[in-house]
Structures are given as structure tokens and as C-alpha cells.
Amino acid sequence: MANALAAESSPYLRQHAHNPVDWLPWGDTALERARSQDKPLLVSIGYSSCHWCHVMERESFEDPRTAELMNEGFVCVKVDREERPDVDALYMEAVQGMAGRGGWPLNVFLTPEGLPFYGGTYFPPDPRGGMPAWTQVLQAIAESWEQHREEISAGGERLREQLSGAARLSPSSQPIHPRELDAAVQVLRPSFDERHGGFGQAPKFPQASVIEFLLLRGERAMALRTLDAMASGGIHDHVGGGFARYSVDQTWTVPHFEKMLYDNALLARAYLHGWQASGELRLLEVCLDTLQWALREMRGPEGGFYAALDADSEGVEGRFYVWRVEELRQVLGADADAAIAWFGATERGNFVDPHQPQPGLNVLREAWPRDERARPDRDARLRIRERLLAARAARPRPGLDDKRLTAWNALMITALADAGTQLQREPPPEVAPGTAEALLAAARECVEFVQRDLRDERGRLLRTYSQGEAKIDAYLEDHAFLLEALIGLFETSCEERWLLEAVTLADVIIERFADPEQGGFFSTARDSEPLIARRKDLEDTPIPAGASSAAMGLLRLAQITGEEEYARQALSVMRLLLEIAPRHPTAFGHLLQALHWQLSPARPLACPVPASIRGPRATGSPGSGPAPSA
């Protein structure tokens, strides 16, 4: 019999609908049941393309005995972190504080009032590697709840204030100066991997916002080497285009195979800007193969973009993407030797799934440092990719998370519009005719979908759309990313409607999310569902922080319209982080870009601005006041 998740629109929640666990979605029903039954909540948070989420489901949540323990002792709640980033961020910080680490699946135990008192990530079905069995955790927590309830509740109350996090930050009174940005660049240098590109050790994430910041500051060496290394590595899908979420090794060879819409939207722009900075056509090719992947595999019939592709197919991580040498020979015929040399495939292979080890599996990658002599000519490369793509299409596909998230769609709108505009201005002869127009048309179709189908009856923006239903109040990041997208569309097309919609959205952001006391923006609206703390999530994760995006969008809108309130609100975000961001640039790449533009001359605008919104408006925006200087 299905549980309550069968009625949900989230693919991740529906994946658990037939577990023997009596799962409930997050909401009033679950919280009221916990209070009425005087049970703690067990909140399990994940997402549909999360490999270890699938592992824990198979090992524990599908096991009747384990489910019985969960149902007897707890009110069990499943959360899709992509639908509810507020719930995820709140309890992730709590678990990181309690356990010293975080990740997904995130399993956290709460009092009926929602206060966390214990948590962790993946737990195995049997004791392993120093970790207790999940059943042992359940039994220990149930016993502790019965015997030490008052102490647990008191500890949760003490934690409540800590979870407000950055909401307690005060603005800096120091002037904004280019030396802060220079200092951020210097902080990045010691962690830069000179040999393989990127920052830090394995696992390596493609930090698009940091790359964009370096390009803005003219620091091409670190940025371009990282872009080139990732494009050569197995994190880049050399057959179908696009990027996996991260690499498990230092050399970008073996990815964690899930593909996220947000990574690919951000990386497409980074590669576009890398091409503009360097003139290297290969970087533009990577930008376009990433966007073409999104248009081919991630686009819904209404023009919106799906959220993610799973790492697993047939229950095996990476099976859809890896190749044996004999498979390459069968598919490619006379081109096989050239392809095997190009992609470095061997009989031994370079990938082993620890859960289902098999010899001879290859993640395709190019030689690094780059060896152009190993690359076939352009026609042969196209032929090889087409044949491999056709052969791969016959394999069982990874699971698709088909929900459309406003924030991630806005990132893709910006990438499509940016790429289309640049190709219209300076089309290389190697790019097929009509490419720019197709990208711009896709951007317009997507924004029209968001503005039409992701609104409630009051016209307010919603977070997620799936199975014909839009729901959940949108968060700051949804509004802020869409603001940047609308401004980009206006600058691309000079269509007045995009600017008017951007102005309306900016006013909503200030009215519903601004902090009039300390400055900056809360991650949730003032009239959203209250949690135990109202937070300001300020770090890139690696998706840009909503506050940094709001600062970027409002700053540009102030330059376009002359409205001082937009500049004042943008500056209030920068002042909160002025003394922190330069010391931790990998966490604040998008905010550092906003600081760069704050200190730079206003970019020229080719579009006429309607007189009705040019200059400070007589009524002012909510919370208006004099614009402080930088």
C-alpha cells in the first residue's frame, strides 16, 4: 500500500511512496501528528539524483523490520531538498554542528516543536567503518527520547538561536575598496591546483562563480586552466555534452555521474566568458555542447527545464556513461582506433563501482595536459560523437527528475540569453547558422513559462512545477535569479516588458525579503511558512547565494533605471560580507562579482529606458532612503 508521498508531485518523494515507512511530506500534518502522539520527528532529506539516498532507501527504508522501528518510534517525514531549500539549509547547519559534517541523505531527529537534537547523513544497515547501524541509531534515539526528554528539549532551544546564522551579522562600516578583491585573488592562489586546475583536493567541484570572478579581475591563468582541465576530464560528458556534479578525484577523471541543471547553466556561461577572454574556440564549443544537452535532454514541452539526471541506471552508478574498449570498436568501426586514443580508453579501464565492481570500464576523457595530436579532426570528432550518442541512447536511461524549479530555470534563461546575444554580435564561422536565434528563442520560451505557470492566484512567484501543478512559495533565490534573467533579456532584446517585469520583481524582493534592521535579505519571505529560525543563507553552495544574486541584479537595475533604492539595497548585502568574502572567496564567488561591478564604471546600455521608470520614483520603493556611498 502506498504512503502519503504517492500524492506528491516531487519525483524524489514519489520514489519513496511504496516504502513500508509511513512517510509524510513536510508540513502541518506531520508536525501536528508529532505533537498529538508525543513522538519525535525523523526528517530524512535528499534529492532524486542522490546516489547515497538511493542506497539508504534500498538498504533500510525498503526493509519491513527497519520500517517497523521507524513507524513505532517516530513521525517519519521525507523532504526534497530542492523543493524545500529552507528546511534543508536549517537542518543541515544543525547536523554539521552536531556531527561535524553534512551531506545527503540528511537524517535529523526533531522534537515535536521542530527543534533538532541528533542527526547524521548515510547510516548503513549493519555496523560498518566506524558507523553504527541505522537500526541501532533508531533504538538509541527512541530510548533517549523516553528517558531524557527534558534535556533534549532544552538543548534544542539553545540551538535555535545558533541556527539563525548570518541573520545576526552586522554591516561593515569600512569603505569598499579594490584591495578587498585583490586580497580574494591572493587567497585563492595557494589552493589552486597548478597541475590539474581547480581548487583544493578531491572531491573537486566545478566552481563556476569563482571562475567568473577571476575572469572579471583579469586573472586568466587560474580561470582558463581550470576550464580547460574540466573540459578535458571525465566530469565533462564528451558524448552528450554537459557536466556531472563533481569529480571524485583530483584529475577531474571520474565523476559522481548525476547531472544538475544549475551546474550546467552556470558552467555554460563560464565557458562562454572564457572564450570571450581568450578567443579559444574550444571553450565556446563546450559552452554550446552544454546548452545543446540541456535543450535536447532537459527541456519540457512547455519550454521549462527539468532539474536533474540521476547518477544511476538499472541501480548501478555510471552504467549509462561508461564504455569498454570492445564496445567502442563495435560502434565506431574504422574510427575506433582514433577514438580510443582520443579518449584514453584501455582494456583495464579507469572506473570501478565499489558496489558492483567490473573490470574494463572507461569514463571517456581527453589527455591532460592537452595533447592536440590525440584529437581527431573536427569532422571525425562529430562523427564519433554522433555514433556513440546513438548507441548510448539504446541503453536504459538514468532517472529524470522532471520538476521545473524557478531558480534553476532562471539560471538557464540567463545562460541561453547570454550565449545567444554574444553569438549574434560575433558569430564564429564554425558555429552553425541559426544557433544564436535558437538559443534566444529558448530563453524567451522558458521565461514565458515561468511567468505564466509558476504564479499563484495572487500573481506571486512559486518554487516548483511538476505534473501540471505549481506550488510552494518562491524563495529569495527564485526571485533573485529571475531578476538577473529578466535584466539579461532586456539587455538582449531591448523589449520594454522585460525591464518592467524586472522592476516589479525588484520591488517584491525588497518588500518581502529585505532586512530593514541589519541590511541584506532573508532567504524566505516575511509571510512564508515560519520555521524555528528565519535565516540569511549567504554562501554559494555551489549555486550562487540568493542574497548575492539579489545584490547583482539590484545593482544593475539601479544603473539602468537610476533608482537609488536599488543601489542602497544591493550595497546593504555587500556591507554584510565585506570583511568575510575576501577571506573565503570559494564561498562567495557571486558576491565578489557584485563587489567588482560596484567598483567598476557602469556598463554601457544599448537599449532605451522608458521615461516612466527612469530616475528615482516619487513614491520610492519600500524602505527607501538615501543611498549610502561605497
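These legends describe close-up views of a predicted model.

**View 1. Five strands make an open sheet.** The strand order is 1-3-2-4-5. The pairing is mixed. Strand 1 (24–25) and strand 5 (116–120) stand at the edges. Each has a single partner strand, so one side of each is left without a neighbour in the sheet.

**View 2. Strand 4 meets strand 5.** Strand 4 covers residues 106–110. Its pairing with strand 5 is antiparallel and runs over four bridges. Look for Asn107: Gly120 in strand 5 stands opposite Asn107.

**View 3. Helix 2 packs on the sheet.** This helix spans residues 28–37. Helix 2 touches strand 1, strand 2 (41–46) and strand 3 (75–80). The direction of helix 2 makes about 160° with that of strand 3.

**View 4. Cys50 and Cys53 form a disulfide.** A disulfide is a covalent bond between the sulfur atoms of two cysteines. Here the sulfur atoms of Cys50 and Cys53 are 2.4 Å apart. That fits the cut-off, which asks for sulfur atoms within 2.5 Å. Is this disulfide right-handed or left-handed? The torsion about the S-S bond of Cys50 and Cys53 is about 80°, so the disulfide is right-handed. Now check the surroundings. Cys50 is buried, at 3% relative accessibility. Cys53 is buried too, with a relative accessible area of 3%.

**View 5. Cys494 and Cys607 form a disulfide.** Their sulfur atoms are 2.1 Å apart. The torsion about the S-S bond of Cys494 and Cys607 is about -75°, so this disulfide is left-handed. Which parts of the chain does the pair tie together? Cys494 lies in the loop between helix 18 (476–493) and helix 19 (496–513). Cys607 lies in the segment after helix 22 (589–599). The pair therefore ties together parts that are 113 residues apart in sequence. Cys494 is partly exposed, at 32% relative accessibility, whereas Cys607 is buried, with a relative accessible area of 5%. The count of disulfides comes to two. With bonded cysteines counted along the chain, the pattern is 1-2, 3-4.

**View 6. Cys76 and Cys446 have no cysteine sulfur close enough for a bond.** Start with Cys76. The closest cysteine sulfur belongs to Cys53. The sulfur of Cys76 is 16 Å from that atom, too far for a bond. Cys76 is buried, with a relative accessible area of 2%. Now turn to Cys446. Which residue holds the cysteine sulfur closest to Cys446? That residue is Cys287. The distance is 16 Å, again too far for a bond. Is Cys446 buried or exposed? Cys446 counts as buried because its relative accessibility is 0%.

**View 7. Arg245 sits in a loop.** The loop lies between helix 10 (220–232) and strand 6 (246–247). Arg245 counts as buried because its relative accessibility is 11%, and buried means under 20%. Which side chain joins that of Arg245 in a polar contact of 3.1 Å? The partner is Tyr47. Leaving aside residues up to four places away in sequence, Arg245 touches Tyr47, Trp104, Phe205, Pro206, His256, Glu258, Met260, Tyr262 and Asp263.

Definitions and conventions. Residues are numbered from 1 along each chain as its sequence is written. This is a predicted model: local features need pLDDT of at least 70, side-chain atom pairs count only at pLDDT 80 or more; totals for chains, interfaces and linings use all residues. Side-chain values use heavy atoms; hydrogens and water are left out. Two strands pair if DSSP finds at least two bridges between them. Helices (H or I, at least four residues) and strands (E, at least two) are DSSP runs, numbered from the N terminus. Contact means heavy atoms within 4.5 Å. Axes are lines fitted to C-alpha atoms, for helices over the stretch in contact, and angles run from 0 to 180 degrees between N-to-C directions. Buried means under 20% relative accessible area, exposed over 50%, partly exposed in between (1.4 Å probe, protein chains only). A polar contact is a pair of N or O atoms within 3.5 Å; within protein, one must be able to donate a hydrogen and the other to accept it, and residues adjacent in sequence count only if both atoms are side-chain atoms.
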